[in-house]
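Welcome, and thank you for taking a look at this chain with us. Please have the sequence and the 3D view open side by side as you read.

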Amino acid sequence: MEIVGKIARLVVLCLVVVAPHAEALTCGQVQSILAPCLPYLQGRDPLRGCCGGVKGLLGAAKIPADMKIACTCLKSAVNAIKGIDAGKAAGLPGACGVNIPYKISPSTDCSNKADQCFTAQYGSS
């Protein structure tokens, strides 16, 4: 019986060591989560449906690296996608009732702001 217990512990240890680590948030995921916001940001539709994505993104960005990726992707999208109203993009967090300590803008410095956003959302570790 003792050998069975040792084997079981070894199997559990192997599973813990070999278990895949969670991957960081990707720009594709950010774009997919916020896709419902595009019509609003381009002035073609009201805000409906967008805030769920904004809140979902905030929930998906669990570590500072995710926050930095989200910030960089949002900044790039404001530059790359034609017809986005920069004022609506900057006001999107407030319009959806979430708080991030940086403005969604082509001029945002994402290097420090993501850490500030993580701390504001989850507290310091």
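The report below goes from the overall fold to the core and then to individual residues.

## Overall picture

Please keep in mind that this is a predicted model. The chain contains 7 helices and 0 strands, so if you walk along from the N terminus, the order of elements reads α-α-α-α-α-α-α.

Of the 125 residues in the chain, 28% count as buried. The accessible surface comes to about 7700 Å², and carbon and sulfur atoms account for 62% of that surface. Contacts across the sequence are worth a look too: among those with a separation of 6 or more, 69% join residues that are 24 or more positions apart.

## The nonpolar core

Which residues have the most contacts inside the largest nonpolar core? They are Val30, Leu34, Cys37, Leu41, Val54, Leu57 and Leu92, in a core of 27 residues. At least two residues of this core come from each of helix H2 (27-34), helix H3 (38-41), helix H4 (50-60), H5 and H6. Helix H5 gives the most, with 6 residues.

Leu34 is a good place to start exploring. Setting aside neighbours within four places in sequence, Leu34 is in contact with Gly53, Val54, Leu57 and Leu74. Two of the residues listed for the core, Val54 and Leu57, thus appear again around Leu34.

## Cys37 and its surroundings

Cys37 sits in the loop between H2 and H3. Is Cys37 buried or exposed? With a relative accessibility of 1%, Cys37 counts as buried, because the cut-off for that class is under 20%. Cys37 is also one of the residues with the most contacts inside the largest nonpolar core.

Beyond its neighbours within four places in sequence, Cys37 makes contact with Cys50, Val54 and Leu92. Cys51 is worth finding in the view as well: the C-alpha atoms of Cys37 and Cys51 are 7.7 Å apart in space, with their positions 14 residues apart in sequence.

## Charged side chains

How many salt bridges does a search of the whole structure find? The search finds 1. Arg48 forms a salt bridge with Asp45, and their closest N and O atoms are 2.9 Å apart. Arg48 counts as exposed at 59% relative accessibility, whereas Asp45 is partly exposed, with a relative accessible area of 28%.

Asp66, in helix H5 (residues 64-80), is buried and has no salt bridge. Where is the nearest side chain of opposite charge to Asp66? That side chain belongs to Lys62 and is 8.7 Å away. A salt bridge needs the nitrogen and carboxyl oxygen within 4 Å, so this pair does not qualify. Apart from its neighbours within four places in sequence, Asp66 is in contact with Ala24, Leu25, Ala60 and Ala61.

## A buried threonine in a loop

Thr108 is placed in the loop between helix H6 (86-95) and helix H7 (110-122). Its relative accessibility is 9%, so Thr108 counts as buried. What does a polar atom of the Thr108 side chain lie 2.4 Å from? The partner is the backbone oxygen of Lys103.

## Pairs separated along the chain

Three further pairs give you some reference points for the fold. Gln29 lies in helix H2 and is partly exposed, with a relative accessible area of 38%. The C-alpha atoms of Gln29 and Cys73 are separated by 9.8 Å, although the two residues are 44 residues apart along the chain.

Gly94 belongs to helix H6 and counts as exposed at 57% relative accessibility. From Gly94 to Cys51, 43 residues apart along the chain, the C-alpha separation is 10.0 Å. Gly97 is in the loop between H6 and H7, where a relative accessibility of 64% makes this residue count as exposed. Gly97 and Val54 are 43 residues apart in sequence, and their C-alpha atoms are 9.4 Å apart in space. Val54 is familiar from earlier in this report, being in contact with both Leu34 and Cys37.

Key:
Residues are numbered from 1 along each chain as its sequence is written. This is a predicted model: local features need pLDDT of at least 70, side-chain atom pairs count only at pLDDT 80 or more; totals for chains, interfaces and linings use all residues. Side-chain values use heavy atoms; hydrogens and water are left out. Helices (H or I, at least four residues) and strands (E, at least two) are DSSP runs, numbered from the N terminus. Buried means under 20% relative accessible area, exposed over 50%, partly exposed in between (1.4 Å probe, protein chains only). Contact means heavy atoms within 4.5 Å. Accessible areas come from the Shrake-Rupley method with a 1.4 Å probe; for residues, only the protein chains shown count as cover. Lys and Arg count as positive and Asp and Glu as negative; His and the chain ends are not counted. A polar contact is a pair of N or O atoms within 3.5 Å; within protein, one must be able to donate a hydrogen and the other to accept it, and residues adjacent in sequence count only if both atoms are side-chain atoms. A nonpolar core is a set of buried Ala, Val, Leu, Ile, Met, Phe, Trp, Tyr and Cys residues joined through side-chain atoms within 4.5 Å.
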